[in-house]
Amino acid sequence: MDTKDLLLDLYGRIPDAVHAVVDGLDEDALSARLDPGANSIAWLVWHLARVQDDHVSEVAGREQTWTADGWADRFGLPFEAAETGYGHDAGQVGRVRASAELLTGYLDAVHARTVGYLRGLTDADLDRVVDEAWDPPVTLGVRLVSVADDDLEHAAQAAYVRGVLERR
């Protein structure tokens with residue numbers, strides 16, 4: 001297995017995890033929160049897709065799927081198009097309402113573009129510095145692993161929320 005195949009496998013786990021979480025849930029269940037300050041499944045899934053879209057689009061040098069393919073309009077959220085959810089307060093989290101089909105549709109579109117990008121990478125590409133604001137500077141390889149890790153953590157949080165809601 002080469003590095004590209006490893007990354008493709010890693011990123012392939014994200015939509016599988018998300019689909020398993022949202023399958024069969026209606027918009028009310030997706031928007032439910034364990035307490036007033038907690039994240040909903042809808043917000044977690046929207047956020048993880050937005051982060052992947054934002055970060056991978058940036059390193060790929062292309063417009064985000066969110067705006068390029070009209071997903072911002074389809075969601076109709078009361079945020080600027082550049083919002084990814086980072087730093088959202090409880091009120092903003094509560095404004096993210098969406099169907100399972102919309103959430104997974106956006107994630108699947110982001111995933112398809114991510115896979116296309118990953119397929120074109122070589123091992124040497126992964127050493128390219130993509131963010132000099134950190135010490136040490138962040139390479140493409142580190143950024144890609146970081147995004148996948150963050151997405152899988154949020155998918156697991158969403159699965160936890162679903163489990164608690166199902167037991168109530």
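Trainee: In which helix is the place of Arg-50?

Mentor: This is a predicted model, where local features need pLDDT of at least 70, side-chain atom pairs count only at pLDDT 80 or more, and totals for chains, interfaces and linings use all residues. Residues are numbered from 1 along each chain as its sequence is written, and side-chain values use heavy atoms, with hydrogens and water left out. Helices (H or I, at least four residues) and strands (E, at least two) are DSSP runs, numbered from the N terminus. On that assignment, Arg-50 sits in helix α3.

Trainee: Does Arg-50 count as buried or exposed?

Mentor: Accessible areas come from the Shrake-Rupley method with a 1.4 Å probe, and for residues only the protein chains shown count as cover. Buried means under 20% relative accessible area, exposed over 50%, and partly exposed in between. Arg-50 has 0% relative accessibility, so it counts as buried.

Trainee: What distance separates the C-alpha atoms of Arg-50 and Tyr-86?

Mentor: These two residues are 36 residues apart along the chain. Their C-alpha atoms are separated by 9.6 Å.

Trainee: And what separates the C-alpha atoms of Gln-52 and Val-110?

Mentor: Gln-52 is also placed in helix α3, which covers residues 41-60. Its relative accessible area is 1%, so Gln-52 is buried. Val-110 is 58 residues away along the chain, yet the C-alpha separation is 7.3 Å.

Trainee: Which residue has its C-alpha atom separated by 6.6 Å from that of Leu-121?

Mentor: Leu-121 lies in the loop between α7 (100-119) and β1. Leu-121 counts as buried, because its relative accessibility is 8%. The partner at 6.6 Å, 117 residues apart along the chain, is Lys-4.

Trainee: How many helices and strands does the chain have, and in what pattern?

Mentor: The chain has eight helices and two strands. Along the sequence they follow the pattern α-α-α-α-α-α-α-β-β-α.

Trainee: What is the radius of gyration of the chain?

Mentor: The globule rule is 2.2 Å times the number of residues to the power 0.38, and the radius of gyration is taken over C-alpha atoms. For 168 residues the rule gives 15 Å; the chain comes close to that, so it is as compact as a globular protein of that length. Along the principal axes, the C-alpha atoms fill a box of roughly 50 × 35 × 30 Å. The radius of gyration itself is 16 Å.

Trainee: What percentage of the residues in the chain is buried?

Mentor: The total is taken over the 168 residues in the chain. The buried share is 46%.

Trainee: How many salt bridges does the count come to?

Mentor: Side chains of opposite charge can pair when their charged atoms come close. A salt bridge here is a side-chain nitrogen of Lys or Arg within 4 Å of a carboxyl oxygen of Asp or Glu. By this rule the count is six.

Trainee: Which residue meets Arg-13 in a salt bridge?

Mentor: The N to O distance of this pair is 2.8 Å. Both residues lie in helix α1, four residues apart, about one turn of the helix. Arg-13 is partly exposed, at 48%. Its partner, partly exposed at 35% relative accessibility, is Asp-9.

Trainee: What is the N to O distance in the salt bridge of Arg-143 and Asp-131?

Mentor: The side chains of Arg-143 and Asp-131 meet at 2.9 Å. This pair links distant parts of the chain, with Arg-143 in helix α8 (residues 140-167) and Asp-131 in strand β1 (residues 129-131), 12 residues apart. Arg-143 counts as buried at 11% relative accessibility. The N to O distance asked for is thus 2.9 Å.

Trainee: Which residue forms a salt bridge with Glu-166?

Mentor: Glu-166 is exposed, with a relative accessible area of 51%. Its partner counts as buried at 17% relative accessibility and lies four residues apart from it in helix α8. The closest N and O atoms are 2.6 Å apart, and the partner is Arg-162.

Trainee: What is omega, in degrees, of the peptide bond that joins Asp-135 and Pro-136?

Mentor: Most peptide bonds are trans. The bond joining Asp-135 and Pro-136 is cis, and Pro-136 is placed in the loop between β1 and β2 (138-139). Omega is about 5 degrees.

Conventions:
Buried < 20%, exposed > 50% of the residue type's maximum accessible area, 1.4 Å probe, protein only.
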